[in-house]
Amino acid sequence: MATVTLNNVVKRYGILEVVHGANIDIKDGEFVVFVGPSGCGKSTLLRMIAGLEDISGGEIAIGGKLVNDVEPADRGIAMVFQSYALYPHMTVEQNLSFGLRMTGNPKADTDRRVKRASEILRISELMQRRPRKLSGGQRQRVAIGRAIVREPQVFLFDEPLSNLDAELRVQMRVEISRLHKELGVTMIYVTHDQTEAMTLADRIVVLHAGNIEQIGAPLDLYDDPANRFVAGFVGSPKMNFLAAKMVGVSDGAALVELVNHGGVRLKKPLSGPLPAIGADIVLGVRPEHFFNAGEGDCDITVKADVAEHLGSVSYVYANAGPEELIIEREASRQRASGDHLTVSIKAERSLLFDSAGARLR
């Protein structure tokens, strides 16, 4: 069973702690994505699983076996890096087989593994080419092929698509997703691109400043974020945040005033403790959850600045005083600059956060 378990894993460089007690249980065959901004600790966490970084505290187990002191080559993992790291003087076939040949693997078995990898990745016609004759996407396939031939328990991907252009990134996302379904093995994938996380993952681990903020299925994180950081990081375009104040209680619901919108009020039912009257809070609204004027529980008027027309939808970038909002509308050719736009907010499609960023439920 290729489970991966992290129990209170800590990483320090001297007195600087960069990963703070990570706890993660990854199931056999699961595709888990570590996502977060640059410097959040996601690659460090992956490298500790691989054995390329020592851990400063806690335990890591792969397939039920403690691997804290196990060498990387003996952990049953294979890693795909951001750089392709191919041997330029070798053919694709030689690149795929080199690691197996160096460990004394029987030639017949090596040939079988290389052939299988080439068929899975559809690179059979490239086997006699050298890396300089390959495109970026083809080189990445070869790099993934080198991992496949090892027949590992766990695949580790460290931002493997960051060197590719936008079109190739989409294509390779599909390829990696297909590869996971075909091989059925455990995969752990690191990216700062939350679009990759949303489209690839069975579960996402959201990291921020060395802490795990939330773990869950992509749509669970999107619809039910634990805090303001997760709400703002998961989703593209990002969630809008409107300054608000707790001004009263009505039928057990919070009565919220939008600070920068002329005192407009919204009644938001909460099941937990209500904030104190006068407390500063934040209202979160996703771009697609702005409705036509009069269709929601309160209306706000904003000044449109720029519109991005993307075919089926348009995104209007607007402002109201210090707030900049992104509003999704049906596709339109109309220029937005200078237009005043009235939109409506529904309480049920909005979220509340306290001044520290914790979710109010």
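In the predicted model, Phe31 has a relative accessibility of 1% and is therefore classed as buried, the limit for that class being under 20%. Its ring partner Tyr189 is likewise buried, at a relative accessible area of 0%. The ring centres of Phe31 and Tyr189 are separated by 6.0 Å and the planes meet at 40 degrees, so the pair is tilted. Phe31 belongs to strand S3 (residues 31-35), and Tyr189 belongs to strand S8 (residues 186-191). The contact therefore ties together parts of the chain that are 158 residues apart in sequence. Phe31 and Tyr189 are also members of one aromatic cluster, together with Phe155 and Phe157.

Over the whole structure, the search returns six aromatic pairs. Among them is the pair of Phe229 and Phe233, with ring centres 5.7 Å apart and planes at 15 degrees. This pair is classed as stacked, because planes under 30 degrees apart fall into that class. Both residues are found in helix H8 (residues 228-233), where a spacing of four residues corresponds to about one turn of the helix. Phe229 has a relative accessible area of 22% and is partly exposed, whereas Phe233, at 17% relative accessibility, counts as buried. The two values fall on opposite sides of the 20% limit, so the two rings receive separate labels.

Charged groups are also placed over aromatic rings. Arg228 lies over the face of Phe241, at 4.4 Å from the ring centre. For Arg286, the charged end sits over the ring of Tyr222, at 3.9 Å from the centre of that ring.

Six strands make up an open sheet in the order S13-S12-S11-S14-S20-S21, and their pairing is antiparallel. The edges are occupied by strand S13 (265-269) and strand S21 (359-360). Each edge strand has a single partner strand, so one side of each is left without a neighbour in the sheet. At the S21 edge, the antiparallel pairing with strand S20 (residues 350-354) extends over two bridges. Leu352 has Leu360 of S21 as its bridge partner.

Pocket analysis gives a volume of about 630 Å³ for the largest pocket. Its lining comprises 26 residues, and those nearest the centre are Met79, Gly99, Arg146, Ala147 and Arg150. At least two lining residues come from each of strand S6 (77-80), helix H2 (92-102) and helix H4 (136-148). The greatest contribution is that of H2, with six residues. By residue class, the lining of the largest pocket consists of 19 nonpolar, four polar and three charged residues.

The second largest pocket holds about 330 Å³ of space. It is lined by 17 residues, with Lys238, Asn240, Glu323, Glu324 and Leu325 nearest its centre. Two or more residues of this lining are given by each of strand S11 (240-250), strand S17 (313-320) and strand S18 (323-330). The lining of the second largest pocket divides into nine nonpolar, three polar and five charged residues. Strand S11, one of the contributors to this lining, is also a member of the six-stranded open sheet, where it stands between S12 and S14 in the strand order.

How values were computed
Residues numbered from 1 in each chain as written. Predicted model: local features only at pLDDT ≥ 70, side-chain atom pairs only at ≥ 80, totals over all residues. Heavy atoms only, no water. 1 Å grid on protein atoms, 1.4 Å probe; cavity = no way out; pocket = protein on both sides within 12 Å on 5 of 7 lines; lining within 4 Å. Points joined across faces, edges and corners; volume = space filled by probe spheres on them. Nonpolar A, V, L, I, M, F, W, Y, C, P; charged D, E, K, R; others polar. Phe/Tyr/Trp six-rings, centres within 6.5 Å; stacked < 30°, edge-to-face > 60°. Buried < 20%, exposed > 50% of the residue type's maximum accessible area, 1.4 Å probe, protein only. Lys NZ or Arg CZ within 6 Å of the ring centre and 35° of its normal. Pairing = 2+ DSSP bridges.
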